[in-house]
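Please look over the sequence and the model below before reading on. The paragraphs that follow take up helix packing, then enclosed space, then two backbone details.

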Amino acid sequence: MAIEQENNRKRPQIRLSVRNFVEFLLREGDIDDRRGSKDSVTAMQEGSRIHRKIQRKMGSSYQSEYPLKYVMTYETYDFALEGRADGIIDDGEMEIPMVDEIKGIYQDVLAMEDPIPVHLAQAKCYAYIYAAQNHFQKIDVQMTYCNLDTEEIQRMVFHYSFEELENWFLGLCQEYKKWADFQIQSREERNLSIKDLKFPFAYRKGQKKLAGAVYETIRQKELLYIQAPTGSGKTIATIYPAVKAVGEELGEKIFYLTAKTITRTVAKDTFALLLENGLKSHVLEITAKDRICPLEERACNPEQCPYAKGFFDRINDALFEILQERQLFTREFIEEMGEKYQLCPFELSLEMATWMDDIICDYNYVFDPNVYLKRFFAEGTRGGYIFLVDEVHNLVDRAREMYSETLVKEDVLKVKKWAKNYSKRLEKALEKTNRILLQMKKECERLLYLQDVDELLFSLLNVGNAFEKLFEDHPGLVLPDEERDFYFAMRNFLNLSEGLDENYKLYADYDQEQNFRVHMFCVNPRARLQQCLNRAEATVFFSATLLPIQYYQRLLAEKDNPYAIYAESSFDPKKQQVLIGSDVSSKYKRRTNSEYKKYADYIEKIVSCKKGNYMVFFPSYQFMDRVQEYMNCKNYILIKQQRNMTEADRDAFLMEFEKEREESLVSLCVMGGIFAEGIDLTEDRLIGAIIVGTGLPQVSIEKEVLQNYFDDTFGEGFLYAFLYPGMNKVMQSAGRVIRTVDDVGMIALLDDRFLNRDYTNTFPLEWKGAQVCSLDTVEQTLRPFWESFT
């Protein structure tokens, strides 16, 4: 659904597809995901093929993919319904033409007695529009159902008078009018409020320039990369100009995307501040399904979840009432409304998204092909969207995960064994897949690059068809966890194969248990991400650690020469001391007892220079444990990050930094972990970050594949596979110290490799005055810094 201004006048027009129109108004029943999405890649691929095949067989009077549009004129706006009829049968001389609606399904079409109601409703809308535009008093509707497996066809024909269709159609339009009125009124109020909206603070150094760059990027429909140091005020400096751009009709909806809960909270608070200052927007926070589910164990089906049962029967009435309640829809409010109306809170939030101006959510909802918000992005066309992508350094690895998939041979055998009791066809299809994988396994000693997987894909397509037939034959079947996981992996493998190109590597290897695996690995996600970015009017990528910028430009988008700026920081560099330890290293060949003790001595000497709270970041838990063995803990309190900490554990850990104490607090953490980014310990709650090692990822076959690819592509395999990702973790960990302009703190980079030019080239400008020290000189180097603030 979209609102557009007509070219020659200021009259707004709401545009909506016929399919979305009838599905919204006529939906009913339960949420039930026991077999996953019904729009599987197999069904979509086969459905398109069947459509084309049936259309080709029709006669000369058959006009396929016939475009139709109907505009209702209301007092202050127009409402346009549009779509494409699968077929119009009209030779120009027929008294009664026919609209043909084709649906490919896996059900037994010959056993169907009636069409599916929303399918028929879609066809009736097309019939009314065609009859109205061509002045027919009667028109027929043909529902053509085709079984995607057997290609058996059943056609059902219905006869309508124009008057009958008109009463029905106009009734639906009247039912939808309150939603259209709400959308128009909300938009007018929003745009009027934005005209007078002022920046809520005095601009910090460089902040006005940053906001101006964001606005100009949106105006020119471009892509912008921002390296924004802590203290630059990047959240308000991106949201405010984006909101102003919406008020000037340069965009219609803002998506604020991030990977961390804390940054979602900051964005939510920023929108709340603008609302307090007069903004009239509807703002939604989307929370992950597992986090917001009210059940102890998530089960999205009507038999186990009362919030799923009858969801679509209740949602429209409840939704309209909820939208009148407020402007900022937080997780807590959505949970409250879910309980009040007995609706799944996650699905409720997705339904609310259609009517929002600003959406705060995880990257997944825009970029992940399995999770993205289909109500906005399914058709692949550009909408009036503005993407603000925070902490974008996380998107490289997240995107590789989204666009990659792995199949395990042993999983195929497990599912085959299970299928034996349900479907001989599925069992046979899985046996064929297993034989193909077995042949690959015979050729793989450690790592096997694959030129193609065409034979495997064909066998998986048969597996997918067999699964669909199984679901048809056993409507209430619930897949066990392992079989369900395989089903989704198989389906995703097929789906991703449609986009295989030079940005992928196909290879096989073994896991630690010697299970044989085949990987469809997206080494460079730029092309996939660009497809998503094309859906937006403009995109702003920003992070405090976006260095080196060319690394991210080469991996996050395909645009040549995109805009990039280094935001100025209002932080006084004299309030930060950066040290580089020149006589220690976390290299594997240097990991000896003496080196672990040296690191422990470094930590204790640094802490002895100034009482306060410190965080020490290690490359791994094992390294952390070895260094801890040599720490005496005489003059400080020691706490340590544990594996698999719960949210309560995390909160308790961070509460230690709030306590007043006589001794220093030393917290041992892991780089890249839950305390390495997205936490704010301002002022004297944290005065030092000690970084042990360079954060390089562990050597693995996956990293070897990455290194080989980037050696071949850019001649910089080690930098792209190891050094840049490692230094990103280093900078994120170091960034815990300086959070506001009033903070004072030190950063110690303890590894002699930090003196290497490849590493120093990645340093932010704020580290320009780093001083080199050794274990013998660290105290005399650091003490003068602290004494200058006493």
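Contact here means heavy atoms within 4.5 Å. The coordinates come from a predicted model, and the contacts below should be read with that in mind.

Start with helix α18, residues 481-497. Which residues of α17 meet α18? On the α17 side they are L456, L457, L460, L461, V463, G464, F467, E468 and F471. Their partners in α18 are F486, Y487, M490, F493, L494 and S497. Sorted by class, this contact holds 12 nonpolar residues, two polar and one charged. Helix α17 spans residues 454-473, and its axis comes within 10 Å of the axis of α18, with a crossing angle of roughly 130°. Angles over 145 degrees would count as roughly antiparallel and those from 65 to 115 as roughly perpendicular, so α17 is oblique to α18. The crossing of α17 past α18 is left-handed.

A further helix, α15, also packs against α18. The axis of α15, which covers residues 409-419, comes within 10 Å of that of α18, and the two cross at roughly 120°. That angle makes α15 oblique to α18. Is the crossing of α15 past α18 left-handed or right-handed? It is left-handed. From α15, the residues D411, V412, K414, V415 and W418 take part, and from α18 they meet E482, E483 and F486. The class count for this contact is four nonpolar, no polar and four charged residues. Residue F486 of α18 can thus be found in the contact with α15 and in the contact with α17.

Next, move along the chain to α21, residues 593-608, and α27, residues 778-787. The axes of these two helices come within 9 Å and cross at roughly 30°. Because angles under 35 degrees count as roughly parallel, α21 is roughly parallel to α27. The crossing of α21 past α27 is right-handed. In α21 the contact involves Y602, K605, I606 and S608, which meet V778, E779, L782 and R783 of α27. By class, there are four nonpolar residues, one polar and three charged in this contact.

Now turn from packing to enclosed space. Rolling a probe the size of a water molecule over the atoms shows where empty space is left. How many cavities of 30 Å³ or more does a search of the whole structure find? The search finds two. The largest has a volume of about 100 Å³. Its lining consists of 14 residues, and those nearest the centre of this cavity are C293, R298, C300, C305 and C344. The lining of the largest cavity divides into 11 nonpolar residues, no polar ones and three charged.

The second largest cavity has a volume of about 30 Å³. Its lining is made of R190, I194, V243, V246, I254, S281, D357 and D358. Two elements, α4 (162-195) and α6 (234-247), each give two or more residues to the lining of this second largest cavity. By class, the lining of the second largest cavity has four nonpolar, one polar and three charged residues.

Two backbone details remain, and each sits in a loop. The peptide bond from L547 to P548 is cis, with omega near -10°. P548 lies in the loop between β18 (538-543) and α20 (549-556). Where is E391 placed? E391 is in the loop between β13 (385-389) and α14 (395-402). Its phi is near 45°, which is a positive value in a residue other than glycine.

Technical notes:
Residues numbered from 1 in each chain as written. Predicted model: local features only at pLDDT ≥ 70, side-chain atom pairs only at ≥ 80, totals over all residues. Heavy atoms only, no water. Axes fitted to C-alpha atoms, helices over the stretch in contact; angles between N-to-C directions. Helix = DSSP H or I, 4+ residues; strand = E, 2+ residues; numbered from the N terminus. Left-handed = near helix turned anticlockwise from the far one by under 90°. Nonpolar A, V, L, I, M, F, W, Y, C, P; charged D, E, K, R; others polar. 1 Å grid on protein atoms, 1.4 Å probe; cavity = no way out; pocket = protein on both sides within 12 Å on 5 of 7 lines; lining within 4 Å. Points joined across faces, edges and corners; volume = space filled by probe spheres on them.
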